[in-house]
Amino acid sequence: MFNGVMLLWFILTALSVLFVAVDIRATPESKVLKWGFVLLTAYTGPLGAFLYVLGCREPLPGLHERYVSTRWRQVLGSTMHCVAGDGVGILTGAVIASLLHFSKTTDIALEYILGFAFGWAIFQALFMRDMTGGSYKRALISTFFSELLSMNFLMAGMVPVMMLAMKSAPSSQSPSTPGFWFIMSMALLVGFVAAYPMNWWLVSRNMKHGMMTVRPQNETGIGDKVQSLRHPSASHDHTDPGHENGGSSMDHEMVKVSKGAITGMTVLSFIVFGFGLSITLMLER
């Protein structure tokens, strides 16, 4: 029966990835987040496709700006971006650890290091450096804490599920088995849920971006047209950190976050991560 469930899951995942990869081409979203949704759907199957339709897909032409402006959709985009990028490194670490027969502690450490490194250095800083003026160094500095906090919550949810499932199904510890990929998918799905609250805090303080709207310069959304009617002197070429081509779907006020708040949330994130590891240790006994 379990094999049948996995087979159904992989079939639905393949269909979901195909749907998102084709459909998202018409969605006025940034290329990075488009790839992020494809990756998220590869990890989480039909749920990823459902989140794409519910949270990012333009319901009607010209409505994307207004549609994605709600806070929960902004947070969805932020969390998706985190899991999509970190997931590549995490899965790479899991495969390496399995093939080299690393201990469970080393496995977790490798997944954390590679997940954080890829998510921070590539998906956050490199791909989104234009939001910090094109400077990769500045992007690394500005995204470090947001990536760290989100990563800790992701791992806190993912690790217990992964380790308990691997223990319950020893034959699924090899990347050559379907069970390995099914378990990693479920673990990343739980990690996504665990990381969502922290991303809400980060987005609400403008420490992470959410969904964006990227349209050709000669194309405007309904939200832009309404804005121009209210303010005839306003230009559609205004610059805003939330939109790659000018114009933004993110209208958050800039919030100055104190060092104390960042320190406190960093400590909290490590406590939550430690709690997840403690659960893993208890389940291993």
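## Exercises on an all-helix model

Start with this from the predicted model: the buried residues of helix H10 are Ile262, Met265, Thr266, Ser269, Phe273, Gly276 and Thr280. We'll come back to H10 in Exercise 2.

### Exercise 1: Get the overall layout

Task: Work out how many helices and strands the protein has, and what percentage of its residues count as buried.

Solution:
- Step 1. Go through the secondary structure: you get ten helices and zero strands. Along the sequence, that reads α-α-α-α-α-α-α-α-α-α.
- Step 2. Turn to burial. The protein has 285 residues, and 49% of them count as buried.
- Step 3. Look at the contacts. Among those with a separation of 6 or more, 76% are between residues 24 or more positions apart.
- Step 4. Finish with the outside. About 14,000 Å² is exposed, and carbon and sulfur atoms supply 68% of that area.

### Exercise 2: Check helix H10

Task: Find out whether the length of helix H10 agrees or disagrees with its residue count, then say what covers its buried residues.

Solution:
- Step 1. H10 runs over residues 259–284, which makes 26 residues.
- Step 2. At 1.5 Å a residue, the expected span is 38 Å. The end C-alpha atoms are 37 Å apart, so the two values agree.
- Step 3. Take the buried residues listed at the top, Phe273 and Gly276 among them. Their cover includes helix H6 (104–126), helix H7 (136–168) and helix H8 (178–204).

### Exercise 3: Lay the annotation over the model

Task: Take the "transmembrane region" spans from the UniProt record and see how much helix the model gives to residues 75–102 and to residues 260–283.

Solution:
- Step 1. The record is an unreviewed entry, and its annotation covers residues 36–54, 75–102, 108–127, 139–159, 179–202 and 260–283.
- Step 2. Residues 75–102 come out at 89% helix and 0% strand, with the end C-alpha atoms 35 Å apart.
- Step 3. Residues 260–283 are 100% helix and 0% strand, and here the end C-alpha atoms lie 35 Å apart.

### Exercise 4: Find a greasy patch

Task: Name the residues that make the nonpolar surface patch of about 470 Å², and place Ile11 in its helix.

Solution:
- Step 1. The patch is made by Leu7, Leu8, Ile11, Leu12 and Leu15.
- Step 2. Ile11 lies in helix H1, which covers residues 2–23.
- Step 3. Is Ile11 buried, partly exposed or exposed? Its relative accessible area is 44%, so Ile11 counts as partly exposed.

### Exercise 5: Trace the salt bridges

Task: Find which residues pair up in salt bridges, starting from Arg57 and then from Arg215.

Solution:
- Step 1. Search the whole structure, and three salt bridges turn up.
- Step 2. Arg57 pairs with Asp23, with their closest N and O atoms 2.6 Å apart. Arg57 sits in the loop between helix H3 (46–55) and helix H4 (64–67), while Asp23 is in helix H1, so to speak a link between distant parts of the chain, 34 residues apart.
- Step 3. Check how covered that pair is. Arg57 is partly exposed at 32% relative accessible area, whereas Asp23 is buried at 17%.
- Step 4. Move to Arg215, whose side chain meets that of Glu58 in a salt bridge at 2.6 Å, N to O. These two are 157 residues apart: Arg215 in the loop between H8 and H9, Glu58 in the loop between H3 and H4.
- Step 5. Arg215 also meets Glu65 in a salt bridge, at 2.6 Å, N to O. Glu65 lies in helix H4 and Arg215 in the loop between H8 and H9, so this pair ties together parts 150 residues apart in sequence.
- Step 6. Put the pieces together: Glu58, Glu65 and Arg215 are linked in a network of salt bridges.
- Step 7. Now check burial in the network. Arg215 is buried at 4% relative accessibility and Glu58 is buried at 16%. Glu65 is buried too, like Arg215.

### Exercise 6: Look at positive phi

Task: Compare the settings of His101 and Asn206, two residues with a positive phi.

Solution:
- Step 1. Recall the background: most residues other than glycine have a negative phi.
- Step 2. His101 has phi near 55°. His101 is in the loop between helix H5 (71–99) and H6, and is exposed at 70% relative accessible area.
- Step 3. Asn206 has phi near 60°. Asn206 is in the loop between H8 and helix H9 (222–230), and is partly exposed at 25%.

Notes:
Residues numbered from 1 in each chain as written. Predicted model: local features only at pLDDT ≥ 70, side-chain atom pairs only at ≥ 80, totals over all residues. Heavy atoms only, no water. Helix = DSSP H or I, 4+ residues; strand = E, 2+ residues; numbered from the N terminus. Expected span 1.5 Å × (residues − 1). Buried < 20%, exposed > 50% of the residue type's maximum accessible area, 1.4 Å probe, protein only. Contact = heavy atoms within 4.5 Å. UniProt positions renumbered as here; feature names shortened; annotations may be inferred. Patch = residues over 30% accessible without salt bridge, like charges linked within 9 Å, V, L, I, M, F, W, Y side chains within 5 Å. Areas by Shrake-Rupley, 256 points an atom, 1.4 Å probe, with all protein chains shown as cover. Salt bridge = Lys/Arg side-chain N within 4 Å of Asp/Glu carboxyl O.
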